[in-house]
Amino acid sequence: MIGIVIVSHSRKLSDGLKDVADAMTQVPIPIASAGGVDDPDHPLGTDGIRVLDAIRDVMSDDGVLVFADIGSAKLNAEMAMDLLEPEEQTKVQFCDAPLVEGVLAAAVQIAAGSSLEDAMREARQAVPAPTEAVKQQQDTAQTGGVSREFTIRNPLGLHARPAASLVSAMNAFSGDIRLRNVTKGKTSVNAKSINGVMLSEVARNDRILMVADPAEAEAVFAAIDQLIQENFGEDGIAPVKPEPIRKPVPQPRPPRDVSAGTLTGLSIARGFALGPIRHVRSALPEVEPVSISDPDAEIERFKMALSAAETEINGALSAAGERISAYDRKIFDAHISYLHDPDIIETVLGRISKQHICAEAIWRQVVWDLSRTYAALQDPLLQARAGDVIDVGLRVLRLLMGQGDATDHAAEPSILAYEELRPSDVLTLNQETVLGICAATGGTTSHAAILASALNIPVVFALGDALAAVADGQQVLLDGAAAKITIAPDASAIETMQNERKIWQDHVARAEAVRDLPAETLDGHKVRVAANMASVDELGVIMRSGAQEVGLLRTEFLYMRRDTAPGEDEQYDIYRSIVAGLKGKPLTVRTADIGGDKPVSYLDRPAEANPNLGWRGLRYSLAVPELFETQLAAILRASAHGPVRIMFPLVSTVDEVKAAKQRVQSVMDQLRTRALPFDEGLEIGIMIEVPAAAEMADLIAPEVDFFSIGTNDLTQYVMAADRANPKLKDLFDPFNPAVLRMIAKSIKAAHDADIWIGMCGAMAGSPIAAPILLGLGLDEFSMTPADIAEFKLTLRGLSLSECRNLSARVLGLDTARSVREQASLFLGRHKAMAKTAATP
Amino acid sequence: MADALAGPKTVTGPMIRAWIETSAEVFAANRGHLSDLDSPIGDADHGNNMNRGFNAVLEKLPEGDDIGALLKSVAMTLIAKVGGAAGPLYGTLFLEGSKPLMGKTELSQADLAQFFEDAIAGVKKRGRSDVGMKTMLDALVPASEAFQAETAQGGEILAALRAAANAAESGMKATIPMQAQRGRASYLGERSIGHQDPGATSSYLIVQALSDAVEKASE
């Protein structure tokens with residue numbers, strides 16, 4: 001076990017701290033106290049040899065963390081570490097954390113089985129921040145300015161586009177304006193600097209303190225108020241969500257070869273392409289620092305490159321025309337604001353004047369450092385901004401070096417290969433000649449991914465370094481859905497691909513054609529197709545997906561990544577805006593399923609050995625009534641604006657359902673007292689995901705208006721197979737007859753009680769499952785929006801009576817594999833019969 | 001000048017032992033003075049700490065003339081007994097200086113120059129500091145440079161040590177107008193200006209003790 005050594009000037013302090021740490025951990029961990037010196041008259045001080053002995057006392061292969069109180073204690077701790085044998089030294093780390101907080105945090109981590117690095121990180125994060133009052137005083141004292149605090153309300157916070165709006169507004173003022181993220185305890189930054197603002201990581205509901213020159217403070221604050229009221233221009237234009245990692249198109253395919261000639265990555269956009277690879281080099285090149293004699297001329301040259309870059313971006317934007325949505329255009333607005341960022345520009349100008357080195361070398365270094373800073377942030381959205389910084393950096397560098405357009409694509413149609421795709425690469429693509437795009441790195445949330453996924457060509461990211469080794473001009477096969485390229489495909493692979501492409505293109509066309517048609521079988525049976533939703537950003541995608549309703553709004557996102565629980569009004573605003581956006585389509589809101597695997601910092605929850613079987617879902621909600629009732633009140637109030645349902649997660653017993661309904665009743669009473677309107681007839685339902693609830697469904701059904709089956713949890717509980725354990729993936733399969741029987745039982749219980757039943761797990765969107773679930777009588781299928789058109793296409797080729805025969809048959813089978821085989825055969829027979837036009 | 005001195009050609013084990021004993025006497029005599037220097041800019045314990053340290057050094061000093069072993073013993077005792085920052089700093093000084101001297105019973109002038117260099121490099125690293133920051137190094141570095149300069153000009157050991165002690169004294173006095181950048185005194189910022197650095201003072205005393213001990217042994 002990892003050991004701790006406490007080095008303090010006072011023996012009493014180190015002994016006492018050891019006692020507290022011992023008392024805080026249930027498992028004994030090796031802690032050695034090494035405080036004071038052996039001099040009864042002057043006992044305060046540190047003894048390096050005592051520290052050395054202490055380290056050896058608690059030494060094991062797991063390592064030792066050494067903590068010290070002040071200056072000379074640290075020196076003596078380091079002295080002692082130097083006195084260790086080299087093989088001992090590798091196991092010992094000095095932890096530069098506040099002594100008491102650091103030792104206690106590390107002790108708790110070690111007792112919980114953390115690694116040395118994790119314990120050290122936790123200890124360091126135990127640093128008490130300066131109080132808000134002190135910081136505020138510093139802010140205003142530094143600038144002689146006036147301060148005011150604002151709360152940022154727009155969903156994205158001050159990320160790229162809203163940050164650009166703020167910076168652009170602030171640049172209209174002449175005086176200094178500082179911004180500090182109070183919620184995250186960040187340091188104060190220049191509010192006219194796009195990077196300063198973005199690196200402040202201002203998320204929704206974060207509070208920011210603005211400090212402005214007294215002469216213009218009122219105007220500055222008014223401008224910020226207005227931006228906040230306008231939601232920083234985010235209203236009405238929905239971001240294009242990056243495509244989720246797609247499952248392979250469920251068409252019959254020949255078995256794939258996985259020879260050495262293939263690379264696999266992340267799917268950004270589906271489709272097939274065959275053609276030569278053309279590498280587009282876009283990493284920041286190394287630039288040799290060259291001395292210059294005339295810094296003023298160099299500065300002038302640099303400024304001209306900046307303004308030329310801006311002209312270029314604007315030109316490319318207008319050339320792109322309709323291809324770029326208004327929302328995505330703002331990505332490039334952010335790029336332009338980098339070119340005006342005073343922090344960056346001042347740094348570059350200052351270094352040119354001082355160091356007499358060419359602008360290219362300095363610019364490259366500044367851009368590189370900045371991109372690394374972004375890449376090191378925790379928020380994946382901000383991490384992805386590193387690509388934007390490099391993109392702008394490259395453009396300016398190219399102009400400084402007097403080189404032409406780097407993306408000088410040959411006229412021959414080809415598949416472009418990038419180290420990392422940048423947003424402006426997408427902007428300058430010639431769609432006539434680009435067959436597909438692949439990249440060695442990149443994630444699904446980058447701006448480039450968002451833009452590329454709208455191109456209607458296959459795009460695959462994260463193929464790895466091996467991509468660079470593929471020769472220019474090499475013929476490759478790019479399969480977007482499988483996220484794969486095949487190098488030097490043989491004739492049969494090409495023929496297979498061409499057939500698949502044909503089938504896929506026909507299929508896409510047919511799926512598109514039925515997207516907005518009813519979900520109706522050949523024999524006229526209608527079901528409801530719904531979308532799953534997990535954040536406000538998905539509204540636009542859902543409205544275009546063909547969904548008739550939202551079958552599951554996960555609300556955990558409201559509680560994550562913030563310091564306090566969301567209040568009733570805040571939640572109400574969000575639910576209401578979704579209801580308004582759905583324009584009359586029903587919204588099923590699932591109350592928060594906060595549990596072990598979704599930690600929420602401000603909720604004091606115990607660590608659980610087995611969170612999936614732990615204190616989560618409705619169990620937790622019932623135990624923490626304030627949190628639960630706040631959410632219920634917000635959902636109920638939103639129901640005054642359109643059809644809303646409430647759904648409870650992880651229900652096990654009838655009693656839980658009754659208790660939850662009582663809560664709803666009591667919140668309704670409160671709302672009546674407060675004279676706030678809500679839908680008196682709003683439907684209340686539960687998730688069926690615990691086997692106990694499925695087994696008791698006949699007794700629960702009379703209590704509720706609907707059921708919705710959550711297949712992921714139901715499968716893992718019925719099969720006793722952790723879904724995250726890859727060794728159990730054969731067991732964790734909802735097609736297991738045991739799971740199907742539970743589903744069948746729940747559907748029957750619902751219909752016997754005259755209520756409807758849906759499914760919002762991954763299985764609902766699976767075409768292979770469709771005939772089985774349809775045959776079992778499922779009323780509502782809620783899935784990822786991207787699967788809806790495909791699902792409707794499948795459904796419209798089926799007939800209910802035949803599906804009933806199929807489902808009766810598969811319930812008698814004994815393996816998941818045989819169920820899948822039967823369903824695939826069944827689908828193969830019916831595929832050709834899909835209706836592609838509206839019912840006559 | 002140098003010719004007038006019938007100085008030793010090497011520094012022997014007994015001379016090093018005498019240096020250590022002289023240092024202990026000097027710190028006993030200057031205990032109050034050092035702590036007084038430490039009171040306006042530190043915690044008024046430097047004199048006590050050095051005195052306690054060197055008393056313990058005398059108690060634990062091993063028999064024999066192995067100079068490396070003698071100096072290492074000084075180092076380990078100071079690390080354990082001094083208590084404040086001077087413990088690891090002087091501990092490092094003697095420890096790093098002793099490393100190439102293990103097993104040697106007498107030191108050439110070059111060995112002594114090497115001792116100064118290694119000792120200073122260790123202190124710089126341990127304290128993350130350098131000349132001009134109002135620390136021990138402001139006495140030690142000029143001392144080492146003077147020792148080498150005198151040696152380069154043909155001066156013998158005793159002359160070089162006297163030059164080193166003189167340079168250490170000047171360096172110590174030069175800390176008076178400096179603003180502290182290391183240790184507790186640095187918290188005082190500009191208020192540390194006008195006070196002689198206690199660490200530079202104790203370093204001067206140690207260098208002076210070496211010069212005195214070698215001179216006395218060669219009389």
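**Close-up views of a predicted model**

**Figure 1. The two faces of strand β1 of chain A in the predicted model.** Both faces of β1(A) are covered, with A:G3, A:V5 and A:V7 buried on one side and A:I4, A:I6 and A:S8 buried on the other. In a regular strand, side chains point alternately to the two faces of the sheet. The strand spans residues 3–8, and since six of its six residues are buried, β1(A) is largely enclosed by the rest of the structure.

**Figure 2. Strand pairing of β1(A) with β3(A) and β2(A).** Strand β3 of chain A, residues 64–68, runs parallel to β1(A) and is joined to it by five bridges. Within this pairing, A:G3 has A:V64 of β3(A) as its bridge partner. Strand β2 of chain A, residues 31–35, also pairs with β1(A) in the parallel sense, over five bridges. Here A:S8 is partnered by A:G35 of β2(A).

**Figure 3. Packing of helices α7 and α8 of chain B.** The axes of α7(B), residues 137–152, and α8(B), residues 157–174, come within 7 Å and cross at roughly 150°. Because angles over 145 degrees count as roughly antiparallel, α7(B) is roughly antiparallel to α8(B). The crossing of α7(B) and α8(B) is right-handed.

**Figure 4. Residues at the contact of α7(B) with α8(B).** On the α7(B) side, the contributing residues include B:D138, B:P142, B:F147 and B:E150. Among those supplied by α8(B) are B:L161, B:N166, B:S170 and B:M172. The residues of this contact comprise 14 nonpolar, four polar and three charged.

Technical notes: Residues numbered from 1 in each chain as written. Chains lettered and ligands numbered in written order. Predicted model: local features only at pLDDT ≥ 70, side-chain atom pairs only at ≥ 80, totals over all residues. Axes fitted to C-alpha atoms, helices over the stretch in contact; angles between N-to-C directions. Helix = DSSP H or I, 4+ residues; strand = E, 2+ residues; numbered from the N terminus. Parallel < 35°, antiparallel > 145°, perpendicular 65-115°, else oblique. Left-handed = near helix turned anticlockwise from the far one by under 90°. Contact = placed C-beta atoms within 7 Å. Nonpolar A, V, L, I, M, F, W, Y, C, P; charged D, E, K, R; others polar. Buried ≥ 20, exposed ≤ 12 C-beta atoms within 10 Å, placed from the backbone. Pairing = 2+ DSSP bridges.
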